[in-house]
Amino acid sequence: MIADIKAFLSDFLVLGDPLIYGADISIVLSMVAIVFVLSYFKKWKWLWKEWLTTIDAKKIGIMYIIAALLMLFRGGIDALLMRSQITFPNEGFLDSQHYNEIFTTHGTIMILFMAMPFIVGMMNVAVPLQIGARDVAFPYLNALSFWLFFVGAMLFNLSFVIGGSPDAGWTSYTPLAGAKLDPGPGENYYLIGLQLAGIGTLATGVNFMATILKMRAPGMTLFKMPMFTWSSLITSLIIVFAFPVLTVALALLTIDRLFGAHFFTIASGGSPMMWANLFWIWGHPEVYIVILPAFGIFSEVISTFSHKKLFGYKAMVWSMVLISALSFVVWLHHFFTMGNTAAVNSVFSISTMAIAIPTGVKIFNWLFTLNKGRIEFSTAMLWALAFIPNFLIGGLTGVMLAIAPADYQYHNSYFLVAHFHSVLIGGTVFGMFAALHYWWPKMFGHVLNEKLGKISFWIFMVSFNICFLPMYFVGLMGMTRRMYTYPEGLGWMPLNVVITIGAFGMGIGFIVMVYNIYWSARYGKRDKTGDPWGGRTLEWATTSPAVEYNFAHIPKVETADAFLHMKEKGTTGQISKAPFKPIHMPNNSGKPFIQAWLMFFAGFGLVFEWYWLAIPAAAATMLVMAFRSFEYHDHHYIPVEEIERTESATGRLN
Amino acid sequence: MMNENVEQHNAHGGFPWKHVIGLILSLALTLIALWIVVSYSFSTTFTLASIIILAIFQALIQLLFFMHLNESKSRVWQIIAIGFGFFTAATVVVGSLWIMAYSL
Amino acid sequence: MSSVASNQSNKPYEPLEYSTEDGRLRILGFWIFLGAEIVLFSCLFATYLVVHSHTAGGPTSKELYDVKEFMIETFLLLISSFTCGLGTHELRRHNAKGIIIWLIITLLLGLGFIYMEVNEFVKYATEEGATVGRSAFLSGFFVLVGTHGAHVSLGILWMTSIIIQLAKRGVTAVTARKVFIVGLYWHFLDVVWIFIFTAVYLTGMVL
């Protein structure tokens, strides 16, 4: 009996690694600390009523962004651990298994649990405000999306202390990721964690498409929408049509692993390459899902801080539409080296290069917006300006990689690693940092400190280049990705030392940014106007942070850059002008939170193949959905007196 | 658009012609497809091509006769959503078959 | 444009399910979701077609599929789509009783379809040794057809819940929207079945 329990625990808990013991202790300590702080300050009820049950897009957006920053920390620690291992030849800091686990979790977390929630968070914060709406189309579904993402991320992160991390790379290629070569719960965590988060993201895509298509303020035609809203619309469209592919790919591999099917096994006629095929049918559009919102943010920031209208608005829009269609027809370039015919490789090579055209159009539009502008070097603007050259390096090396015959040289080398970090950090992460500084006052009512912001920008941006430029060269020298160590005498060491220095530099830049968040919360300049930057779009027309219902009166839109136009005409006061009418708002609900956690337990049951847990939890999930279907009183009206009170508290009511 | 709705309203007042025609067409197309296959009198290419075309027609019948695809004010967006779905679906199926024809 | 309509009747006709902002939003949202469902099924179709010939010495599609069985399944679903459409037709006449009758008939046809399909699966597994783990082809077959079957089963549960709500509350803007959307879902499953009928069963007879 005791032997049984011992055997179970040694499988269930990850034992024997001091790094993991350290993580165990810190997780327990931080849990205790959170519970203590919440109890000591009697904040449990506040937490439940204000946050866990909220269906207000602005708050959901903030929760997404907090989660993204936490995941950036976790993924960043993974990166630093990896860099520590391969700085010098023949190091023994991590063994090969641990290294495999860390590069797997680093990649998965950074793409799906950092980049995705960051962009979805920004969409939640900004899109309803930018189009002059009171919330998204389906606020309840929006909360469910967030909690599904959250429990998916939790399930995935649980793996390294319970059961063991996935270790087949973030692409989880079969047959390596199949049941035969990779038994145990690790890969199941990957499959189920991503499945939960992916379903949440799919719902977000549907939600924001409906929101942007149907809930724009009167007068805001499609071609008067702010560019970030446009990019969110196109992103949502790609999400809706790409994420089902991930859903299927994950489900098929899950069925392979759990129920003995043969989709991706070598035995019994399975097709291991079919996994790569399905994964990248989703995976390539996913690249555009994480980059297009960043493009939208750069458009907003560059236009605002150049004090100029965005150059080539229509070209910007049409290039994004073109990208959305092209993004679905290039996926094979991720596996040119699988050895397909010349015809297949050529077609996908050319379609890949074609994407450079609309992207190039956008780069020129940003440059022409800057041209003769009155440029203001705010922190947000610095991130946007740094994006252009850094992204360009990533983009051009991408065109190099698109040349199928040459790809046989670059494939899976550090050249490739450098390429996608150039575009993902230089594009997406810079974009999110720009957005963080730009919309921070709109989220929290105070501005982030500019001086600290600029310090963190310079440290991070310079370190980023110290880290990733040498990677191109070490890649050309023959170093391949995912190798956990290398012998002496290859001449790789000097560059690897430089790369590691750069990596830790980025860590320092991030710490300065976090300190800035802390400092600004305590001492930062409060934003009383709601418009700290001289904004052009409607999110700046309301207070900072925006009131629950966003706008007391829905603004009327006549032109693009609607708020700038209102300021010029002197009609900004219309939004808070009495008399008011009661405002229809949806009720808060605890059901999304409960349903998502039930799905977490169903998922956890599947990870360990504990059907006694998975089946009841899944049934309970269905019950919650049924209860929701029978719920008819799910909205309320905010009375006029309360609107008057809120509006006079903001000082906007005369 | 309102005109159309009025006509539909009148149509809905009476016998559901639209649905009956849809049913008859879909049953007929199904039987034609079955006949093409079980008669074994055509080449494989012709058989496959014709049953795929018949299936697409059937799908359109469902979308137009039963699902009222083009009736709401947002019909443009509904058609774009379904159209982009079919575009992606075709890409996935044709692309996968082409790519996987040469590998394990 | 509304003036034209009001010339012809005092009240411009607008179906009840579109009469509220919420109803319009949800119907559009559901269409977008159906776009996503098309892609979901297309991946299963692609996988099935890729592994169709990978039978690993097990039963092939020609050996398994039975014309009579899959034709009955097809007719059951096609007719259920028609009866479900009549439910929507009655919805436009605000006739709660009519809707409920047609939806119940739809449900029964759907149950008949599920009964046939379960029988088919059980027969394959017990008589032919054709299970999901036998070969890649059978994995593809059971997951594609089974996913559709799971959708139909979910649709049966969902439609039951809508019928109860309709019986309790009558035809309102909210229940009208719900009836309309569950109808969209049901018709969509028929569209998917047409492609299963074509790409799985008919093609399986030829190739």
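## Helix packing and chain contacts in a predicted three-chain model

Residues 48–67 of chain B are 95% helix and 0% strand, with 27 Å between the end C-alpha atoms. The structure is a predicted model, and every value in this report is computed from it or taken from a record, as stated.

### Annotated spans

An unreviewed UniProt entry lists residues 20–42, 48–67 and 79–101 of chain B under "transmembrane region". Within residues 20–42 of chain B, helix accounts for 83% and strand for 0%, and the end C-alpha atoms are 31 Å apart.

The domain assignment divides chain B into domain 1 (2–71) and domain 2 (73–104). Contact between these domains of chain B involves 4 residues of domain 1 and 4 residues of domain 2. On the domain 1 side, the contacting residues comprise 2 nonpolar, 1 polar and 1 charged.

For chain A, UniProt (unreviewed entry) records "domain: Cytochrome oxidase subunit I profile" at residues 42–558. That span of chain A is 69% helix and 0% strand, and its end C-alpha atoms lie 48 Å apart. For chain C, the feature "domain: Heme-copper oxidase subunit III family profile" is placed by UniProt (unreviewed entry) at residues 28–205. This stretch of chain C is 86% helix and 0% strand, with 38 Å between the end C-alpha atoms.

### Chain C and its internal packing

Chain C contains 7 helices and 0 strands, in the sequence pattern α-α-α-α-α-α-α. Along the principal axes, the C-alpha atoms of chain C occupy a box of roughly 70 × 30 × 25 Å.

Two packed helices are described by the angle between their axes and the distance between the axes. The table gives these quantities for two pairs inside chain C and one pair that joins chain B to chain C.

| Helix pair | Angle between axes | Distance between axes |
|---|---|---|
| α5(C) and α6(C) | about 155 degrees | 10 Å |
| α2(C) and α6(C) | about 155 degrees | 8 Å |
| α3(B) and α7(C) | about 170 degrees | 9 Å |

Helix α5 (residues 96–127) of chain C packs against helix α6 (residues 136–169) of chain C at about 155 degrees, which makes α5(C) roughly antiparallel to α6(C). Their crossing is left-handed. From α5(C), the contact draws on residues including I99(C), L103(C), L107(C), F113(C) and E117(C), and from α6(C) on residues including V152(C), I156(C), M159(C) and I163(C). By class, the contact of α5(C) with α6(C) consists of 15 nonpolar, 6 polar and 1 charged residues.

Helix α2(C) also packs against α6(C), again at an angle of about 155 degrees, which makes α2(C) roughly antiparallel to α6(C). This crossing is left-handed. On the α2(C) side, the contact is formed by L44(C), F45(C), T47(C), Y48(C) and V51(C). They meet A136(C), F137(C), G140(C), F141(C), V143(C), L144(C) and T147(C) of α6(C). The contact of α2(C) with α6(C) includes 9 nonpolar and 3 polar residues, and no charged residues.

### The contact between chains B and C

Chain C uses 47 residues to contact 45 residues of chain B. On the chain C side, α1 (2–8), α2 (21–51), α4 (67–92) and α7 (173–206) each supply at least two residues. The most come from α2(C), with 15 residues. By class, the side of chain C that touches chain B has 30 nonpolar, 12 polar and 5 charged residues.

One helix pair illustrates the contact between these chains. Helix α3 (residues 44–66) of chain B packs against α7(C) at an angle of about 170 degrees, and α3(B) and α7(C) are therefore roughly antiparallel to each other. Among the residues in this contact are L48(B), I52(B), Q58(B) and F66(B) of α3(B), together with H187(C), D190(C), F195(C) and L202(C) of α7(C). The residues of the contact of α3(B) with α7(C) comprise 11 nonpolar, 7 polar and 1 charged.

### The contact between chains A and C

Contact between chains A and C involves 31 residues from chain A and 28 residues from chain C. On the chain A side, α7 (185–214), α8 (227–259), α9 (272–306) and α19 (611–629) each contribute at least two residues. The largest share, 9 residues, comes from α8(A). The side of chain A that touches chain C divides by class into 22 nonpolar, 8 polar and 1 charged residues.

Key. Residues are numbered from 1 along each chain as its sequence is written. Chains are lettered from A and ligands numbered from 1 in the order in which they are written. This is a predicted model: local features need pLDDT of at least 70, side-chain atom pairs count only at pLDDT 80 or more; totals for chains, interfaces and linings use all residues. Two residues are in contact if their C-beta atoms, placed from the backbone, lie within 7 Å. Helices (H or I, at least four residues) and strands (E, at least two) are DSSP runs, numbered from the N terminus. Ala, Val, Leu, Ile, Met, Phe, Trp, Tyr, Cys and Pro count as nonpolar, Asp, Glu, Lys and Arg as charged, and the others, Gly among them, as polar. UniProt positions are given in the numbering used here, feature names are shortened, and annotations may be inferred rather than shown by experiment. Domain bounds come from an automatic or database domain assignment. Axes are lines fitted to C-alpha atoms, for helices over the stretch in contact, and angles run from 0 to 180 degrees between N-to-C directions. Angles under 35 degrees count as roughly parallel, over 145 as roughly antiparallel, 65 to 115 as roughly perpendicular and the rest as oblique. A crossing is left-handed if the near helix is turned anticlockwise from the far one by less than a right angle, and right-handed if clockwise.
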